[in-house]
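Ready to practise reading a protein structure? Work through the exercises below with the model open beside you, and try each task before reading its solution.

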Amino acid sequence: MLRRVACNIVQSRGIKHTVNIKWVRPEYVPAYKPEKSGDLEGMPPIPESALGIDYALTEEIKEHLFSCLFIFSVAWLTAQIRYLQDTMDKFPRNSKMKQLVQERIDRRKKLLKFLRQYDYKKFEWLLEKLNIEYKAHPESHHKLSRKESLRKLTEMHCEDIRKKKLDDYRNLLESQQGPYLKQKLEALTFIRSEQIDLQMPVTVTEQDIKKVEQMLAEWTIKDQMKQQAQKRKKIIAIDLN
Amino acid sequence: MARNLGEAAKKFLLLGQCVPTVKQNAAKIRVKRLELDENLLMYFRKDEFYYCHDPQKMCKTGDIVLIQALPQKLTKLITHEVKEVVYDFGDITDPVSGKKVAKDRYREDIDREAELYGKLKSTFDYNRAPSRGWQDGKKDFTSKPTYTKFHVFDKNDPYAI
């Protein structure tokens, strides 16, 4: 008995996945890269007129410096990050510079997080002006593993199957609604006419019949739209093939 | 008796913060609670999460809202409804003077200072600024939770890091 149970356990281990899921590990992207840091554009070329003491004392710079230090520091960090990112592309093994970029990216993210709490409108305006993406930190930081990824993919696959089955069942039930409503309409009108003819108390009001007519009209419109959508899908599928 | 009262109070009205969620037809609200550790006789924070019915999409991520238990569960998940948004996230009003505040300063003061230094056209203006949400899904990805990228899909999800 025990041996049989043990055999079963051993055999169950060998069961292969019946679901055809192929996991592709995402390629490693260093954290200093623009796609990770959220910079949507690189460092623009600096015109010669924007150099030197004259530019540093212009109205524009003064205004930006003193009006909001918060925004100024984010912009200043962004400029530094973009410059360092360019340099990192040329010298990817420069570890000191890598550290500097990372520190600046993290500091900017922290500042943006606070700005979001203090003043959401300004935060959105700043993202638009500096062309940065802001993504919150994920709930948990952990190393990517094959097992966990496969589990997630399988869950997604199961969810898809469940959704497809439910959609099919819904379609089936909705397709049966039309004939049933027609039948119901006929039956109700017949009952009403019979009750009037036989001078019996009328239990079916005209409102009931109108309600069913309205439901039938709604169903026909929906059904036509569905059929048109299906036709379009078929045409697209034929074109693709 | 006390426990019953506590549970009844729980169902009456709750104050919580809206957190990012994947669900499209419900808002996820985090209610901060305290739990007594009987060995240490100390209270520790324990969060409770409620999925709330919000058909008009009143609350956005980060807002402080009042929620109330529904008489009947709407779905398996949705048990509460959003009654009112109490505090908007990132749009703080000083309760004493009723003026708008950004961090530790009045917005009026910031504007005044900018004017004194010479306001430019490119400077941020509160009156002209669109309401919150115009960058949602474009450059501001905070309405849904982010996660570590675990697979290469055909379509790139911006919420995968």
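**Exercise 1. What share of the residues in chain A is buried, and how is the chain built?**

Step 1: This is a predicted model, and its chain A has 241 residues, of which 24% are buried.

Step 2: Turn to the secondary structure: chain A has nine helices and one strand.

Step 3: Now follow the sequence, which gives the pattern α-α-α-α-α-α-α-β-α-α.

**Exercise 2. Find A:Thr78 and decide whether it is buried or exposed.**

Step 1: Look in chain A for helix H5, residues 69-90, where A:Thr78 has its place.

Step 2: The relative accessibility of A:Thr78 is 2%. Buried means under 20%, so A:Thr78 counts as buried.

Step 3: Check its side chain for a partner: a polar contact of 3.4 Å links A:Thr78 with the side chain of A:Arg108.

**Exercise 3. Classify the aromatic pair of A:Phe114 and A:Tyr118, then the pair of B:Phe124 and B:Tyr126.**

Step 1: Over all chains, the whole structure holds eleven aromatic pairs. In one of them, A:Phe114 and A:Tyr118, the centres are 6.3 Å apart and the planes differ by 20 degrees. Planes under 30 degrees apart count as stacked, so this pair is stacked.

Step 2: Locate both residues: A:Phe114 and A:Tyr118 belong to helix H6 (residues 95-118) of chain A, and they are four residues apart, about one turn of the helix.

Step 3: How accessible are they? A:Phe114 has a relative accessible area of 28% and is partly exposed; A:Tyr118, at 21%, is partly exposed too.

Step 4: For B:Phe124 and B:Tyr126, the ring centres are 4.9 Å apart and the planes stand at 80 degrees, so this pair is edge-to-face. Both residues are buried, B:Phe124 with a relative accessible area of 7% and B:Tyr126 with 9%.

**Exercise 4. Which charged ends sit over the rings of B:Phe141 and B:Tyr106?**

Step 1: Start with B:Phe141: the charged end of A:Lys135 is placed over its ring, 5.6 Å from the centre.

Step 2: Go on to B:Tyr106, where the charged end of B:Lys99 sits over the ring at 5.2 Å from its centre.

**Exercise 5. What is notable about the phi angles of B:Lys57 and B:Lys103?**

Step 1: Recall the general rule: most residues other than glycine have a negative phi.

Step 2: B:Lys57 is not a glycine, yet its phi is positive, about 55 degrees. B:Lys103 also has a positive phi of about 55 degrees without being a glycine.

Step 3: Place them in chain B. B:Lys57 is in the loop between S3 and strand S4 (64-69), while B:Lys103 is in the loop between strand S7 (100-102) and strand S8 (105-106).

Step 4: Compare their accessibility with the cut-off: exposed means over 50%. B:Lys57, at 54%, is therefore exposed, whereas B:Lys103, at 45%, is partly exposed.

**Exercise 6. Which residues form a nonpolar patch with about 470 Å² of accessible area together?**

Step 1: Look on the surface of chain B for B:Leu34, B:Leu36, B:Leu41 and B:Tyr43, which form this patch.

Step 2: Pick out B:Tyr43, which lies in strand S3 (residues 42-53) of chain B. Its relative accessibility is 56%, so B:Tyr43 counts as exposed.

Methods. Residues are numbered from 1 along each chain as its sequence is written. Chains are lettered from A and ligands numbered from 1 in the order in which they are written. This is a predicted model: local features need pLDDT of at least 70, side-chain atom pairs count only at pLDDT 80 or more; totals for chains, interfaces and linings use all residues. Side-chain values use heavy atoms; hydrogens and water are left out. Patches are made of residues with over 30% relative accessible area and no salt bridge: like charges are joined within 9 Å, nonpolar side chains (Val, Leu, Ile, Met, Phe, Trp, Tyr) within 5 Å. Accessible areas come from the Shrake-Rupley method with a 1.4 Å probe; for residues, only the protein chains shown count as cover. A salt bridge is a side-chain nitrogen of Lys or Arg within 4 Å of a carboxyl oxygen of Asp or Glu. Helices (H or I, at least four residues) and strands (E, at least two) are DSSP runs, numbered from the N terminus. Buried means under 20% relative accessible area, exposed over 50%, partly exposed in between (1.4 Å probe, protein chains only). Rings of Phe, Tyr and Trp (its six-membered ring) pair if their centres lie within 6.5 Å; planes under 30 degrees apart count as stacked, over 60 as edge-to-face and the rest as tilted. A charge sits over a ring if NZ of Lys or CZ of Arg is within 6 Å of the ring centre and within 35 degrees of the ring normal. A polar contact is a pair of N or O atoms within 3.5 Å; within protein, one must be able to donate a hydrogen and the other to accept it, and residues adjacent in sequence count only if both atoms are side-chain atoms.
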